[in-house]
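User: Could you walk me through the salt bridges and cavities in this one? I'd like the cut-offs as we go.

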2 protein chains.
Amino acid sequence: MTDQHRTSLHELDRFCREAFLAVGADQATADAATRAMLHGTRFGVDSHGVRLLPHYIRALEGGRLNRNPALKTVGGFGAVEVLDADNAQGALGAYRGMERAVALAGQFGLGAVAIRNNSHFGPAGAYALAAAEAGFIGITFCNSDSFVRLHDGASRFHGTNPIAVAVPCAGGDPWFLDMATSSIPYNRVLLYRSLGQELPDAVASDSAGQDVTDPHIVDMLAPLGGAFGFKGAALGGVAEIFSAVLTGMKLSFDILNMDGPDFETPRQMGAFVLALNPEAFLERSAFDAGMRRYVDTLRNSPAREGAKVMAPGDREWDVARGRAESGVVLDPITAQEFAALADRLGIAAVA
Amino acid sequence: MTDQHRTSLHELDRFCREAFLAVGADQATADAATRAMLHGTRFGVDSHGVRLLPHYIRALEGGRLNRNPALKTVGGFGAVEVLDADNAQGALGAYRGMERAVALAGQFGLGAVAIRNNSHFGPAGAYALAAAEAGFIGITFCNSDSFVRLHDGASRFHGTNPIAVAVPCAGGDPWFLDMATSSIPYNRVLLYRSLGQELPDAVASDSAGQDVTDPHIVDMLAPLGGAFGFKGAALGGVAEIFSAVLTGMKLSFDILNMDGPDFETPRQMGAFVLALNPEAFLERSAFDAGMRRYVDTLRNSPAREGAKVMAPGDREWDVARGRAESGVVLDPITAQEFAALADRLGIAAVA
């Protein structure tokens, strides 16, 4: 990467919105999809950042994603709602779902929304963080096309099935976890291939499920935990059960390939969001003081030599501050795809 | 272990109940504590099984635990309740909390209970499973005295902070996860010491937080995930925030030592339970069919050579069936302590 493709978050936000609107996506889709991708890019999770724009444009043009979806509540009971996203771009369904979960949590202390007929939603943490920014604890689960073997398994079974949790922390950034339940993301394999490096032990397998470190023969990812991969596989299962079984949507191994060739058929993916109102449990001041003491003690706790102890999200907040100030360098492939999109859609190129 | 100390689950149940009643614990305490320990012993989680009986007896006699606690709801809002366990033996608070969470989930689709002034509750899975046996999804979080370092940390910070999830599965055993967020439990270190074996890599550290495999110099456990221990540490943090911050109870590093010497002072531990009613999200028949297909596909999926793929809980259900049939062999120390308890409390020894 060179500084040739350095730009600002603001300019990327502008470009993404204009691209969505140029292919006929409605304003709500442009807003939600852009917000989620900018979350990824802002926090340094570039795999789930603006590099996804050409993918989403293709899925909107192909018909997999609905350019003018009519999201509606189709079921529920008490503090639970079922939201049909009408094959919206996934961020729209997920943000809308979390808005409803937060509203339910305001009314009932906690609230859950099962989202049906959604699609790839990018960074799971974006929706958990939306709850934390409103003063609530947010949890997001999703499944995705299968890349990850089971413990002792020899087939792609779960997706990288993320779990995200965000907790408001008065006077500071939210405590913020956004983790794949695999050891590593698949794009790490691709990166190591291009760098010609060996992978760490016990993170990826060949087609027989045997651990390999040569990224060129990797066929599937290992669940989190190495020798204790039964824990990572089970956590992937939690995300699967909540996002696919409770929504009646596709299990990971049934989801159509994200990368096509079919860009017409909706992928019938589910997602699950949960919000909790801390004030239903204790006084806000007591909650705030408890979180403060927890994260302050954590950040100041002894580190092993040469290392530093960080709270979940600290690294991401640091990146976000840096990128807000200095901008972002687009990777060459994304820069090239953005230039082609600008030409084709008749919008101003990224400056 | 020899067959000298083989006995039945039924006889252990009888012995535990009589021991609790003999020291003046009320019937509810005897029932709940026995049920939880028998859960551990039945499923082969012997660290959280009947071997805990002498510990609980000591804590009841010392005054740390209340022999006649008056549990009561002291707060809440909507689908949330706050239960004060009045320093009950921890299983009583946790079972009572999950009963309330299930009732709330019946009324609101989901329900959460923050349990205050509880104590060591043994196997987290016992309470999640209680929800699944009632047809609900159950989740349990707890923290505990600190034994586990942070990622790159060099002090005992979190407890082994378990996360348990149980999901009903029509026509079969519940899907059932009960995991410590550390790589291994501390009693595994003790076992390897007594066996004179080296520990696996990256599961435990010396007092400087450096990984060691010699069990004799282990000072703390590593979080789940090895090189990706930031994920395990964050999951431990989820359990910590829900069970300690949301309840206003002690953080792991503030909890008095489980093993004393103080057996008088209540430990002010929190716990958190959540129940969800699948029928609030979709038809029971659709949920049942979805879970069936998920676990059936999982169990029949290709395994790597020489291995077998299992669903979370399968190993435990197998042990439970074996022990129901053939009984259990008590370890020599527990057998000896039980004999001494029988003498001292004037109850019939384990037959």
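Analyst: Sure, starting with the rule: a salt bridge is a side-chain nitrogen of Lys or Arg within 4 Å of a carboxyl oxygen of Asp or Glu. This is a predicted model, where local features need pLDDT of at least 70, side-chain atom pairs count only at pLDDT 80 or more, and totals for chains, interfaces and linings use all residues. Side-chain values use heavy atoms, with hydrogens and water left out, residues are numbered from 1 along each chain as its sequence is written, and chains are lettered from A and ligands numbered from 1 in the order in which they are written.

User: Which residue forms a salt bridge with A:R344?

Analyst: Look for the carboxylate whose O atom sits 3.0 Å from the closest N atom of A:R344. A:R344 itself is exposed at 51% relative accessible area (buried means under 20%, exposed over 50%, partly exposed in between, with a 1.4 Å probe and protein chains only). The partner is partly exposed, at 35%. That makes it A:E61.

User: Is B:R267, which pairs with B:D145, buried or exposed?

Analyst: The closest N and O atoms of B:R267 and B:D145 are 3.4 Å apart. B:D145 has 11% relative accessibility and counts as buried. For B:R267 the relative accessible area is 2%, so this arginine is buried.

User: Which residue of chain B is linked in a network of salt bridges with A:R149, A:D152 and A:D211?

Analyst: Over all chains the count comes to 36 salt bridges. In this network, three members belong to chain A: A:R149, A:D152 and A:D211. The chain B member is B:R304.

User: How many residues in the lining of the largest cavity are nonpolar?

Analyst: On a 1 Å grid over the protein atoms alone, a cavity is a set of points where a 1.4 Å probe fits but cannot get out, and lining residues have an atom within 4 Å of a point. About 250 Å³ lies in the largest one (points are joined across faces, edges and corners, and the volume is the space filled by probe spheres set on them). Closest to its centre are A:I139, A:F141, B:I139, B:F141 and B:V238. With Ala, Val, Leu, Ile, Met, Phe, Trp, Tyr, Cys and Pro counted as nonpolar, Asp, Glu, Lys and Arg as charged, and the others, Gly among them, as polar, the lining has no polar, no charged and 20 nonpolar residues.

User: And how many polar residues line the second largest cavity?

Analyst: This cavity has a volume of about 40 Å³. Its lining includes B:H158, B:T160 and B:S182. By class there are three nonpolar residues and one charged, and the polar ones number seven.

Definitions and conventions:
1 Å grid on protein atoms, 1.4 Å probe; cavity = no way out; pocket = protein on both sides within 12 Å on 5 of 7 lines; lining within 4 Å.
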